[in-house]
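Biologist: Could you walk me through this structure slowly? I keep meeting labels and I'd like to hear how each one is earned.

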Amino acid sequence: MTDRPPRSGLAAVSAALLAMSRHLEVRDVLKTIVASARELLDAEYAALGVPDDHGGFAQFVVDGVSEEQWKAIGPLPRQHGILAAMLREAKTERLADVRKDPRFEGWPAAHPEMSDFLGLPIRDDDETIGALFLANKRCPKPAEGRCGFTEDDEALLGILAQHAAIALTNARLYERSREFTIAEERSRLAHELHDAVSQKLFSLRLTAQAAATLVDRDPDRAKGELQQVAVLAAEAVDELRAAVVELRPAALDEDGLVHTLRTHVQVLDRAHSAHVTFESRGIRALPAAQEEAMLRVAQEALHNALRHSGAGHVAVSLVRRGQGALLTVTDDGKGFDPRSIRRAGRHLGLVSMRDRSSGIGGSLTIQSAPGKGTTIELEVPGG
């Protein structure tokens with residue numbers, strides 16, 4: 001973080017709270033809380049620790065310490081001394097010189113020198129979910145000596161901590177829901193791929209048995225059956241490889257939306273009798289939340305088409321639309337009456353699709369008629 005003159009008053013608090021609300025990933029929220037606290041109280045150093053269940057910290061984020069210095073400091077701290085007291089007693093600590101406190105147990109050689117200290121727990125009801133630390137309050141008049149943290153600083157940090165608890169809890173819930181969605185999708189794909197591989201292996205077994213009965217009385221036909229065994233075995237291997245690739249954790253962050261969706265479509269095309277295709281044009285990177293929503297809507301639409309519509313062909317397209325993108329999933333299946341959408345909505349996951357669309361400022365349209373197939377479009381605004 002680049003040092004700059006501290007903002008003060010309501011504008012500074014508002015800026016800090018807005019910054020925390022912009023992020024959904026836990027790590028990003030932690031970094032934003034620490035940076036906001038350090039700037040708001042004009043401190044040299046800030047840190048935030050999330051405790052684990054083993055006397056240490058599951059995560060520990062710092063601000064004001066260079067990456068090289070942080071690496072030199074070594075392993076994450078344990079819950080001892082003042083840190084342990086804050087987490088155990090859920091009590092704010094404001095010290096003129098942390099080094100003179102009887103609970104102080106020293107720090108690694110590469111650790112920066114700290115004196116005045118302000119720390120308080122971040123709590124969600126009765127649970128302490130983190131601890132926020134600040135050190136070395138900058139004095140407006142250095143010549144007069146270090147000024148230290150004040151009661152006003154403590155009160156301000158208390159307000160920030162209350163909102164930090166909300167932001168951190170929301171981020172945790174978001175990540176858990178995301179993990180659940182990924183696990184649910186992987187389970188669904190596992191079932192589909194299991195069916196496809198099982199069919200291949202069943203065919204392979206029958207063909208091998210046929211070849212065995214023909215070896216003595218019709219060697220030429222037996223040879224043909226064995227050649228078919230080889231083909232089926234190769235196809236089964238391909239299906240198993242597809243299963244291994246697809247059932248890895250979702251790689252949206254690493255591979256991007258186009259590659260992830262293309263891979264998903266290719267696996268479904270192998271796993272189902274329907275022909276599933278994918279095309280994309282002009283797509284550029286979108287905000288992470290929009291890419292995830294588009295992927296989940298596409299997956300839900302594909303699941304509906306392949307499991308419920310009886311389609312012979314399902315087409316997925318992803319094209320650039322202004323600064324954003326347009327996702328289209330079209331099938332030639334049996335379709336449904338849009339007037340019955342309230343009854344069909346939850347069964348077909350349409351409510352979930354609409355929720356995902358509205359959550360990112362997107363626009364979802366569904367066109368269908370009995371015997372006419374279904375087209376689902378999601379347009380997102382981009383960043």
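Modeller: Happy to, and keep in mind that this is a predicted model. Let's begin with the largest pocket: β1 (43-51), β2 (57-63), α3 (67-73), α4 (81-89) and β5 (127-137) each give at least two residues to its lining.

Biologist: How many residues line the largest pocket, and which lie nearest its centre?

Modeller: The lining has 31 residues, and F60, P77, L83, W107 and H111 are the ones nearest the centre. The volume of this pocket is about 630 Å³.

Biologist: How do you know where there is a pocket at all?

Modeller: You roll a probe the size of a water molecule over the atoms, and that shows where empty space is left.

Biologist: What makes up the lining of the largest pocket: how many nonpolar, polar and charged residues?

Modeller: The split is 23 nonpolar, five polar and three charged. Phe, Pro, Leu and Trp are on the nonpolar list, so F60, P77, L83 and W107 go with the nonpolar residues. His is not on the nonpolar or charged list, so H111 counts as polar.

Biologist: W107 again! Why is its pairing with F104 called edge-to-face?

Modeller: A ring pair is described by the distance of the centres and the angle of the planes. For F104 and W107 those values are 4.8 Å and 75°. Pairing needs centres within 6.5 Å and edge-to-face needs planes over 60 degrees apart, so these two rings meet both conditions. The structure holds five aromatic pairs. Ring pairs also link F57, F60, W70, F117 and F133 into a cluster.

Biologist: Are F104 and W107 buried or exposed, and what decides that?

Modeller: They fall in between. F104 has a relative accessible area of 25%, and W107 has 26%. Buried means under 20% and exposed means over 50%, so both residues are called partly exposed.

Biologist: Then why is D153 called buried?

Modeller: D153 has 8% relative accessibility, which is under 20%, so the label is buried. D153 sits in helix α5 (residues 151-214). Leaving out neighbours within four places in sequence, D153 is in contact with L41, L118, K137 and G148.

Biologist: What makes the meeting of D153 and T150 a polar contact?

Modeller: A polar atom of the D153 side chain lies 3.0 Å from the backbone nitrogen of T150. The limit is 3.5 Å, so the pair is within reach.

Biologist: You mentioned L118 as a partner of D153. Where is L118, and what does it touch?

Modeller: L118 is in strand β4 (residues 117-124). With neighbours up to four places away left aside, its contacts include L41, T92, F133, F149, D153 and L157. L118 has a relative accessible area of just 1%, under the 20% cut-off, so this residue is buried.

Biologist: And D63, how do you know it is buried?

Modeller: By the same kind of step: 10% relative accessibility is under 20%, so D63 is buried. D63 belongs to strand β2, and its side chain makes a polar contact with the side chain of R38 at 3.0 Å.

Biologist: What is unusual about the phi of A90 and of N136?

Modeller: Most residues other than glycine have a negative phi. A90 has a positive phi of about 50°, and N136 has a positive one near 60°. A90 lies in the loop between α4 and β3 (93-95), while N136 is in strand β5. At 29%, A90 is between 20% and 50%, so it is partly exposed. N136 is at 4%, under 20%, so it is buried.

Biologist: One last residue: where is S357, and why does it count as buried?

Modeller: S357 lies in helix α10 (residues 350-359). Its relative accessibility is 2%, under 20%, so it counts as buried. The side chain of S357 reaches the backbone nitrogen of S363 at 3.4 Å, which is within 3.5 Å and therefore a polar contact.

Biologist: How does the whole chain look, in helices, strands and buried residues?

Modeller: The protein chain has ten helices and ten strands, and 44% of its 383 residues count as buried.

Methods: Residues numbered from 1 in each chain as written. Predicted model: local features only at pLDDT ≥ 70, side-chain atom pairs only at ≥ 80, totals over all residues. Heavy atoms only, no water. Helix = DSSP H or I, 4+ residues; strand = E, 2+ residues; numbered from the N terminus. Buried < 20%, exposed > 50% of the residue type's maximum accessible area, 1.4 Å probe, protein only. Polar contact = N/O pair within 3.5 Å; in protein donor to acceptor, adjacent residues only side chain to side chain. Contact = heavy atoms within 4.5 Å. 1 Å grid on protein atoms, 1.4 Å probe; cavity = no way out; pocket = protein on both sides within 12 Å on 5 of 7 lines; lining within 4 Å. Points joined across faces, edges and corners; volume = space filled by probe spheres on them. Phe/Tyr/Trp six-rings, centres within 6.5 Å; stacked < 30°, edge-to-face > 60°.
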